[in-house]
Amino acid sequence: AGGQVGDRGRLGWSGGEAQVVDVHRTPSGITLHDVRVTAGSLAKGERVSARVAPEHRLPTQRNHTATHLLHAALRHVLGEGVRQAGSLVAPDRLRFDFTHPRPVAPEELQRIEDLVNRWVLTARATRIVAGRPLQEAIDAGAMALFGEKYGETVRTVEVPSPGLGDDWVSGLELCGGCHVANTGEIGPFLIVAERGVASGVRRIEALTGEAALARVRTQAEQLAAAAGELGVEGGTAAREIVALKERLRSAEDELSKLRLRVVAGDGARADEDVAQVDGASVVTRRVTTARGGELRSMGEVLR
């Protein structure tokens, strides 16, 4: 529910076991398990015990609660016109689509990321209430998603304010998915992408917990490798790359001018390279690798 992928785990019974590869919920509320029997046989009416795979569930919970916090942070930074337009909550990442008329500026993304991480650092307990009358939840400010169908009773999820010097709290949302008991369980929150996916709809992709740490570690290793190749400290690597690109651009311009002079040659050489082909004078030159613009300039000079 709420964009969350199905659980993984195992079913066990006397003399048998099955691997749960996915779980679905039908519109009528029936839960269906896709299983692969690995031992024994599974018969209708068999009494089984179910065990959820924690390595799949726990990171999914982290990403689901982080998605709610991201939604609240987006509305706080970009305005209450932001509305959820779709989401994916998986163990390895989260994806959140929302309505917004323009790209999110880098400084806005930084504020949004900082706000979610403030929730993590302040370790707020989540408030989950099941069996709540729909109208009561809406009257309390719960956000219902457009196009979603809700029953007479709903489940709400809320996280108290991370403490920003004012009394606002995260948006109260209707949700049937799994969440952490405390925002401190989410671990670091890292936005890795922001882009448009449709007219008036933007998408943010983010990582939490161990996946976020792995991304940061990889980026640090890449920075260290680049700095090592450049022979500079990591903090000055970006500046050195800009300077290196400028020197390369200048060298390419000089090389282009040199190639042009070599092709142009002098009058005597030009006469030697002239051939008569069907009554027309044809001048030829053999050149090394050159860009399209350079070749056009060479042609003008030879003409």
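Two strands are taken as paired if DSSP finds at least two bridges between them, and strands (E, at least two residues) and helices (H or I, at least four) are DSSP runs numbered from the N terminus. The model is a predicted one, in which local features need pLDDT of at least 70 and side-chain atom pairs count only at pLDDT 80 or more, whereas totals for chains, interfaces and linings use all residues. Residues are numbered from 1 along each chain as its sequence is written, and side-chain values use heavy atoms, with hydrogens and water left out.

**Exercise 1.** Work out how strands E2 and E3 are joined, and place them in their sheet.

Solution. Begin with the pairing: E2 (residues 16-25) and E3 (residues 31-39) run antiparallel and are joined by eight bridges. Next, find residues that face each other across the two strands: alanine 18 stands opposite valine 37 in E3, and valine 23 stands opposite histidine 33 in E3. Then follow the connection, where five residues lie between E2 and E3 in a hairpin, and glycine 29 in the turn has a positive phi of about 95 degrees. Finally, widen the view to the open sheet of four strands, which has the order E3-E2-E1-E4 and antiparallel pairing. Because E3 and strand E4 (49-52) each have a single partner strand, they stand at the edges, and one side of each is left without a neighbour in the sheet. Neighbouring strands of this sheet are turned by 30 degrees against each other on average, direction ignored, with axes being lines fitted to C-alpha atoms (for helices over the stretch in contact) and angles running from 0 to 180 degrees between N-to-C directions.

**Exercise 2.** Determine the strand order of the sheet that contains E8, and find the bridge partner of valine 157.

Solution. The three strands of this open sheet follow the order E7-E8-E9, with antiparallel pairing. Its edge strands are E7 (127-133) and E9 (173-174), each of which pairs on one side only. Between E8 (residues 153-158) and E9 there are two bridges, and the partner of valine 157 in E9 is glutamate 173.

**Exercise 3.** Classify the aromatic pair of the structure, and decide whether its residues are buried or exposed.

Solution. The structure holds one aromatic pair. Phenylalanine 96 and phenylalanine 98 form this pair, at 6.3 Å centre to centre and with 20 degrees between the planes, and the arrangement is stacked. For the criteria, rings of Phe, Tyr and Trp (its six-membered ring) pair if their centres lie within 6.5 Å, and planes under 30 degrees apart count as stacked, over 60 as edge-to-face and the rest as tilted. Phenylalanine 96 counts as buried because its relative accessibility is 0%, and phenylalanine 98 is likewise buried at 0%; buried means under 20% relative accessible area, exposed over 50%, and partly exposed in between (1.4 Å probe, protein chains only).

**Exercise 4.** Locate alanine 123 and aspartate 278, and describe the backbone and accessibility of each.

Solution. Alanine 123, found in the loop between helix H2 (106-122) and E7, has a positive phi of about 50 degrees although it is not a glycine, and at 35% relative accessible area alanine 123 is partly exposed. Aspartate 278 is found in the loop between strands E12 (274-277) and E13 (280-283); its phi, near 50 degrees, is also positive in a residue other than glycine, and aspartate 278 counts as exposed because its relative accessibility is 83%.
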